[in-house]
Every structure is written in C-alpha cells, then in structure tokens.
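The following account leads the reader through the model, from its helices to its core and then to individual residues.

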Amino acid sequence: MVEVTIPIRWRDVDNYGHVNNAVYLTYLEEARDRWAHETLGPQVDFVIVRIAIDYRRELSQDDEAVTVACRPVGYGTSSIRTAERIVAKAGWVAAESSSVIVAHDPEARTSRPLSDDERATLDGAIAAG
C-alpha cells in the first residue's frame, strides 16, 4: 500500500466552497501513480479504464490536507484492480474508490499482458494487504 499526503489547494475549491468532485480524481490519480511506480517500477506504463467513487463527505480548504491510500486487490491478464481511500487530516473518510488500470505498450498503443515478474510482485503486494 502507498499513502500520499496532499495539501488542499485554493484551486481545488469550487464556488460552493468545497473541493470539486473532479479534484478527488486528481488526488486518487496521484496516489495510484505513486503506487504503480513504487511497486512495479518507474518504467511501467498503464492507463486507467475504470474508476468508481463513493463520496462520503465534502472537503474544504479548512481541512488543509488529505491522505490518499492505494492498494492492489487483484489482477487479470493485463489489468490491475486497486482500492483507494481519501482521508481528511482530521481522520474521517472523504471518499472511497475502486479502479482498474491496464498495463500499456506505449509503442503499439495497446494493452499488454502483465509479465511473470509483475504478477509475482502483485501477489506479494496483495498478500501484504
């Protein structure tokens, strides 16, 4: 699992005074990218093909920062499923999500199968919880 602390920036807040729902996607992406590169290596390319978000509570700039966690929960031939959570600095859950990313071949511009080494690494990461 990877946890990333992200400050809530002035630009993250919309006219309603809360963090815009689209910004939650950016927070999740920052953690997911860090998880993928720390777990599978900086050379890994992937694209997101699915994300589902349950918004639990609004965030505002007064909340100062969030901690975003990302962990793998499974994989297929070329896909990896992750579970993610955004937690306010005060400790309450702002959102939970699940994502599917697909290993990507940048030259062919298509998905590619996960390698045996990547699968072994994912098995260890999933077991570690």
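**Helices, core and selected residues**

On one side of helix H2, Asp116, Asp117 and Ala127 are exposed. The model under discussion is predicted, and H2 offers a convenient point of entry. This helix comprises 13 residues, 116–128, and extends 18 Å from its first C-alpha to its last, close to the 18 Å expected at 1.5 Å a residue. Its buried residues are Glu118, Leu122 and Ala125. These three lie on the same side of H2, because they cover an arc of only 65° around the axis. They pack against helix H1 (21–40) and against two strands, E3 (65–75) and E4 (79–88). After H2 comes glycine 129, with a positive phi near 75°.

Helix H1 can be read in a similar way. Its 20 residues should span 28 Å at 1.5 Å a residue, and its end C-alpha atoms are 29 Å apart, which agrees. At the start of H1, the backbone nitrogen of alanine 22 has a side-chain oxygen of asparagine 20 within 2.8 Å. After the helix comes glycine 41, whose phi is positive, near 105°. The buried residues of H1 are Val23, Tyr24, Tyr27, Leu28, Ala31, Arg32, Trp35, Ala36 and Leu40. Their cover includes the strands E1, E2, E3, E4 and E5, together with helix H2.

The packing around H1 leads to the nonpolar interior. The largest nonpolar core has 30 residues, and those with the most contacts inside it are Tyr27, Trp35, Leu59, Val66, Val68 and Ile86. Two or more residues of this core come from each of E1 (2–7), H1, E2 (46–55), E3, E4 and E5 (93–105). H1 is the element that gives the most, with eight residues. Valine 66 illustrates the packing: leaving aside residues up to four places away in sequence, it touches Val4, Thr5, Ile6, Ile8, Tyr27, Leu59, Ile86, Val87 and Ala88.

How many aromatic pairs are there? The count comes to one. Tyrosine 24 and tyrosine 55 form this pair, which is edge-to-face, with 5.0 Å centre to centre and 75° between the planes. The pair links distant parts of the chain, since tyrosine 24 belongs to helix H1 and tyrosine 55 to strand E2, 31 residues apart. Tyrosine 24 counts as buried because its relative accessibility is 3%, whereas tyrosine 55, at 40%, counts as partly exposed.

Two further residues complete the tour. Histidine 104 is found in strand E5. With a relative accessible area of 14%, histidine 104 falls under the 20% limit and is therefore buried. Not counting residues up to four places away in sequence, histidine 104 touches Asp45, Phe46, Val47, Arg109, Thr110, Ser111 and Arg112. Alanine 108 lies in the loop between E5 and strand E6 (110–111). Is alanine 108 buried or partly exposed? Its relative accessible area is 43%, so alanine 108 is partly exposed. Alanine 108 and asparagine 20 are 35 Å apart in space, C-alpha to C-alpha, and 88 residues apart in sequence.

Key. Residues numbered from 1 in each chain as written. Predicted model: local features only at pLDDT ≥ 70, side-chain atom pairs only at ≥ 80, totals over all residues. Heavy atoms only, no water. Helix = DSSP H or I, 4+ residues; strand = E, 2+ residues; numbered from the N terminus. Expected span 1.5 Å × (residues − 1). Buried < 20%, exposed > 50% of the residue type's maximum accessible area, 1.4 Å probe, protein only. Arc of directions from axis to C-beta. Contact = heavy atoms within 4.5 Å. Core = buried A, V, L, I, M, F, W, Y, C linked by side-chain atoms within 4.5 Å. Polar contact = N/O pair within 3.5 Å; in protein donor to acceptor, adjacent residues only side chain to side chain. Phe/Tyr/Trp six-rings, centres within 6.5 Å; stacked < 30°, edge-to-face > 60°.
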